Each structure stands twice: as structure tokens, then as C-alpha cells.
Amino acid sequence: MSLVNFTAREITCKIVYYGPGRSGKTTNLQYVFGRVPESRRGRMVSLATHGDRTLFFDFLPIDLGSISGFTTKFQLYTVPGQSYYNATRKLVLQGADGVVFVADSQARRFDDNLESLQNLQENLLEQGVDVRELPIVLQYNKQDLPRDLVLSREALDEALNFRSVQSFPADALHGSGVFETLKGISESVLRRLAAGEASG
Amino acid sequence: MTGALNPQFRLEGLVVGAANRLAVTAARAVAESPGAVYNPLFVYARPGLGKTHLLNAIGHAARAIDSRVAVEYLTLDEFVEAFHAAIAAGQGDSYRRRFLEVGVLLIDDVQFLAGRREMQAELLRVVDAMQAVGRQIVLTSDRPPSEIESLDDRLVRRFGGGLVIDIAAPDYETRVAILRRRAEERAVRFEAGVVEAVAELEIDNVRELIGALNRLVAGQAAGDAPLTPAEARALIAKTLPARAPVVTRAEPVAAAEPASGGVDEFADFLQEVSATVTQQVESWRARIAEAILRWEGEGYRVARLQALLDADVTADPADELRAFEADVGRLRELQDELEAMAPDLAGATALRDPGNLGAAEAFVERARQGAAPPPAPSPHWNLAEFIETASNRMAVRAARSVTEEPGTRYNPLVITGASGNGKTHLLHGIGNALAAGGITVACIGAAEFVDELISAIDRDGVGLWRARYRHAGALLLDDVHLIAGKERTQEELFVLFNLMLDTGRQMVFTSAVPLAELAGVEDRLRTRLEGGLVVDLPEPDRELRERAIERLLSARLEAVDPEFAAYVAGRPAESMRASLGLVQRVLNAAETKQVHPTAALAREVLEGPVQRAPRKAVPVRPSGVAPSSALGVRSREKMVWEWPDIGARIIEEWR
């Protein structure tokens, strides 16, 4: 998928929310869905199990209208977090313009975060994507939980953010940090317009 | 009467961003070469975007480059007041004259011309007078000329004839740069992020932006601690009108804070994305705008690039600009070609529009065709076959001489004579002989020459038409008397004549009317025709007729009755064409009767059958001339042409 289609005069950003199971990826999308005016959003597709676990993926299209003559659209995806859905994750990851890695801030999920981040890098590598070039931001979710249960932003940066990308503390359930994260990844993705990524 | 330049307003003091880059570039160009580039320069922008600053800066820069340049800055009101004062003092003329001594005239706020007809007329006079002597005029307004109410069309056109350019609201980066520079100038230091936070507020007016900075300075001075970005934003935002929604940049929020209740997060996000996209697109727009300025300055039409800007969208501008540049390159090639081919066409507007390369190619193609050999002489007539006898010797020898020494001996050669005597034959014969010598010969009848010119005028292609003849190595014009009364043709021919004469190219004209009797042709042209050699091609003598008829018969018949040619040549004919017409009549009759053409047949055809019936005695009149009767004259020719012979025969028969 091309980021900018000059012929159609369209900018389409595919943003994938990645992370371990139950880190809050779908919650992020649901919060965004709730804040986007009905006229601007498409139907949010969510394939979930009885236990509200994402079975396949979530998909939320957002139409931002015409910006400087470009019809600008965002497509937000989540991947299923559980390790056995890796084929689906690869599929969803294809053609992503940016990735939001949603980490679970709870100390007990530390390893899951690392494992998922590693999985992300492997999958990107497999698809021939240079991890250093792809816009990625980190979101440390569930920062609203008691302090003794969660790791601080600094600790999480120390553990996960070895590429020094933007990171955002968040409470996706209540919406804190959700749009900030989305803005962060959007800006990174759109900045690539000037970097010669744009092609018809 | 005029305000002095504000020493604070200099080009160096302007923060240049995408919004004002073009205007500043144009201002610099004008200051460097007053009167030579964009004249007049018309800058418009909403209030507070730096028009006055730019206007003053042009004055300073022009003076800095050349201290002798007289610079005058005045607002429109001052211009009006001074004019009224001058009129009251009866010194209107001296008021106008004084501007001719000004090298750079800077007039601010000309939007106040709206509805002031008298001042518009005065300004028009001043602009015209200054332009005529190469003085620079720069004007500013808060709107483009076309939107100034009831502004005289002539003024709108004058302004449009220079450069009309706008200054847009500064973008985020420019706002940051302006705030930083002003803060530096005032030696004020803010905490990191403060200036950026204020720049994020959509203050699209530089004056208001400076006001915001003043509030920041005051706010910081009043407090104990430096302002934080959040405090700075709050301080300024509350004083802003409701129109400016607050754009916040991606900035991590503390997770402990509640989600922004009441704030439209999506609108905020949308604004953020819009700003980013616009910023990216803006950088392209700036590149396109710079290209527009460059190519427009070089005289090319930039509608194609303008369309990119107007459409508010662009394909990859690098590709577009490359394509545009390539098209300009092609136009230059075409222009060079045209310059060599038809210099007076090289400045054609068709060659200045890279957006319509097809038209330029077609234009040059037409020129190529135009520059190709014009109508050539007919290959059927050549000089070697032209029979020379005593009657036409002078003309034929002059013709040969012209072909031997084209352009030098007899130029022009004018052949006069009645129709049908071979003028056209001789002309084309000369043409073919010249062409055989490698000369490009334009050989055309005057009637076609006139028609061609009319058609060229119709399709706006006179330049091409001219080129066609001006490139010919020789001009042969048949029946030049037909240009009588055709003034434009005569004018064109006059210019062409002089050009060919000056460059030693041969001209030959024929005329069925003696030059002295040539009415309706301008003297300047007629006298030039007479200035060469004028030879007459008279009625053919008997020898000429006989030889011509023999040649015709030899070409048509296997066996020729030698008496046939002699008989027909002996028949009276007003021209060679008439003699050959007689031969043709006999040949037609022979074909009808399916007999061989002989002198006897010719006699029968041309004189009528011999009368065998006995004639009644014809009374003799006292005059001795026998009166005719209905039977006495069977052939009209006897009556008209052979009167002495007829008389002799009738008298003989009567005896």
C-alpha cells in the first residue's frame, strides 16, 4: 500500500497496534472510535472471542477529509496478541506505515512485552522492513494501576525503548494518552512525506 | 510631505518563511535593479503581515546598493494630501514632474484608492510617467488590485503588467523564528518550549504575534519564576479571539491525568494531522512558487505551475518542475531555430508557454513550411526553348543576361507587353534557369500573391508569409499590374523589394500595362520598378509566329505540311496565343473530319468554303468599291482582317 497516492490524491496511513495479549490494543481503538464523529469513521470491525480476546484483528477506518487537497484516511488495525496467532499478525503487519507498540505497564507482564517486541521485529524483518526506518512509537498502557503494580515510564523506556522512539504513558480505558499516541505515530508517518517516501 | 523610511524595517530584519519568500525575493530583485525587473511591484497582504516593513526594506536596500538612488516612501493618504496641496497652489504639473526625479517610489496602502477616481487618474499618470523613464514603483495594499473597489481597469492592468504578489500568514516554523528573533532582540530568555507553545497558537498576524511576545515578556517579568510552556500558552490563549482554536503538538501526558474531558480530542488530532500534512505540502508549494517567480521573470507563461498551486495539490513537485524545465528547454531550442529562420517571429508568444508545447511545435513547423521554397516556376517553360527573333530579341537577351548574372546586371528586370506574347513563359523560363543555378526561386502571379497575403492576415500568419518570401533567392512576380489598389500588398512588396535589392537577389516582374500607365500603384514602388531594366515583349513578328507554329505542329503531327505553318503565320493575330489558337482550330477540324491537316484545310477552316455558285453582277459604285451582299461575304475574317486582300480578290473576280 502506498502512503501517498498522487493520482487519487489520497494519503492513506495504515497504523498497526501491536503488543502482547491483553495489553489494551483493542481498547485504544475503541476509545478512538468513541471520539471520532460518526461521519468520519467507518464501521469498526472486531472479531473477538467470548472472552473479548481479539481472535483475528480489529479494523477502524477514519476519514480525515481533504487536507491541502489530499483526501486523508487512516486505517487503524490491531493484531491478536496471543503468541499462537503469529500468522495473523504477519498478515496484518503487511504494508503498515507505522506501528504503535502497546506495552502492558504491569511488572508481571514485563517478559510478555519483551517477547512481543521481539516478535514484532522478527516479523518486520521477515517482510523485509527495516525496523530503523519504520515509524514506531511506544505506549505504556495501564499507568492508572497502583504504582506498586506498574513499572515507571523510565523503567519501561530503559527496557523497551532502545531505539529512543517517542513513548507515551497511557490509560487506554479512560482515554488518557490514547490520542497523544495516535498523534505521535501520525506525525512520524506523515513526516515521511518529505523524506521522499511519497510515490505514485 | 513624505514619511522617512523606518530605520527598523530592513530586509535583514524580515524572517523569511514559505509565506513571504516570494515577496522578499521580488523585493530584493527590485532593490538590486530598480525599474529593471518587476515594475511596478504590487505587494498585498492582510494587515499585520509585513507589507510596510517590506516596502521600507526595499527603500533601504536600494539605497544601500546605490546611495545615489532617490527613494521616496509615502502612504496613499500622503500622496493624496500632497496632490491636493499642489493643485491648490496651482502646481499640479510640478507635482508630477518631481516623481520623475525619484528612483524608487514606495506607496503604502493603495487600497484607499477605492472609489477615488481623480486620484486613480493621477496615480495612473505618475505610474506611466515613471515607467516611461525606467523608475521603480512599489505599491502595497491589503487586497489584490482586482479587488480594490472600482479601481480603474487601466491601473489594474498596469499593476498586473509588473508583478502582483501576496504575503500569506506565517506558518508554524516562521512563527517560531519570528518569536525567537524578537526575543533575542529584546534580550529576553524563555524556558525551552515556551516560544514553541505560543507559536502553536494559530496567531496568523505578525503584529499580534509580537503582541503575544510582549505579553510573555510582561508575564515573565511579573512572576517569580520563568514561565512554563503551559503557563505561556494559557497566558496568550485567553487573550486570543475565539476564532483561533488551540493546536497542541504531540506531547506525552501524564497517565495519571484524567482523559481530556470536554476537549474534542478528535478535532485536536485532526488539526495536528492537518498541520503536518499542510506543512509537507507547503514545502512543495514554496518550491513551485520559487519556480514560478524564476520562469515568469524570464518571460515564460507559468499557468501550468500556477495551476498546481491553485489546485492546492501537487504531484511530486520535483517531477513537475523537471518536466516544466524540460519544456522550457525545448521552447528555447525552437526559439533558436526560429531565430535563424525568421528572426521577426522569434519573440512570438507561442514560444513562451511551456504549458502548450504542442502549439509552439506547430508554430515552428508552420514557420519551417513557410521558410521552405515558395511557389516554384512551372517546369513546363524554359528559357532555352523560348524562340528569339527580331521582335523579342531585347527581352530574351535581357532574360538570359539575368540568369547569367542574377542580381547584378538588371535588377529588377521588368517585362511589359500585351497579354499572350509570352511574358509568363519568359518569366518562368528565367525562374527555371535561376533554379537550375541553385537559387531558391519564388515565382508567383500577383493575384495569388495578394490572395496569399489576405489569407495570412486572416490566420494571423503574416510573419510566416513574409518569411517565406524573404528567404527566397529570387523573386519573380507575374502580372505585377494586378497589385494596383492593393495597398497592403504594395507595402509588403515594397519592403520585400528593398530587402532583395539590398541583398543582391534577382527580381523579375511582368506587367501587361506599361509602367508609365500603371495607375493605383504607389510611386515609390513604380519608380523602383522603373529603376531596373524595363523591356517590352511586343506583338510577335511573322517569323516568330511561324517558328512557334512549326514547333507546335511538329510536336502534334508526324508529317507537317510546310505550307500549313506559313499560311497560319501569315494570318493576322493579335498575339502569339491567338496565332496558336488558329492552329488549334484547324487541328480540331482535321480531327473531326478525320483528315490530315493541311494548308488547304486551314484556309477552308479559317476563311470558309470556296464559293462555286455563279455570282450576280455587282454594280460598281462610283467609288470603285463593290458593295457587299448577304452572299458576298461568307467569312467574317474577310471583313475584319483581310480587307485589302479581299478587295483585291473581289475586284479580280469581277473583272
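Reader: Before we count anything, what are helices and strands here?
Author: Glad you asked! In this predicted model, both are DSSP runs: helices are H or I runs of at least four residues. Strands are E runs of at least two.

Reader: How many helices and strands does chain A have, and in which order do the elements run?
Author: With that definition in hand, chain A has 6 helices and 8 strands. Read from the N terminus on, the elements of chain A follow the order β-β-α-β-β-β-α-β-α-β-α-β-α-α.

Reader: What share of the residues of chain A is buried?
Author: A residue counts as buried if 20 or more other C-beta atoms lie within 10 Å of its own. Of the 200 residues in chain A, the share that passes is 48%.

Reader: Let's move to chain B. Is strand β8(B) covered on one face or on both?
Author: Strand β8 of chain B spans residues 474–478, and 5 of its 5 residues are buried. In a regular strand, side chains alternate between the two faces of the sheet. On one side of β8(B) are B:Ala474, B:Leu476 and B:Asp478, on the other B:Leu475 and B:Leu477; all are buried, so the covered faces are both.

Reader: Which residue is the bridge partner of B:Leu476 in β9(B)?
Author: β8(B) and β9(B), residues 506–511, run parallel and are joined by 4 bridges. The partner of B:Leu476 in β9(B) is B:Val508.

Reader: Which handedness does the crossover from β8(B) to β9(B) have?
Author: After β8(B), the chain passes through helix α19 of chain B, residues 487–502, and then reaches β9(B). This β-α-β crossover is right-handed.

Key
Residues are numbered from 1 along each chain as its sequence is written. Chains are lettered from A and ligands numbered from 1 in the order in which they are written. This is a predicted model: local features need pLDDT of at least 70, side-chain atom pairs count only at pLDDT 80 or more; totals for chains, interfaces and linings use all residues. A residue is buried if 20 or more other C-beta atoms lie within 10 Å of its own, exposed if 12 or fewer, and partly exposed in between; C-beta atoms are placed from the backbone. Two strands pair if DSSP finds at least two bridges between them. A crossover is right-handed if, with the strands pointing away from the viewer, the path from the first strand over the helix to the second runs clockwise.
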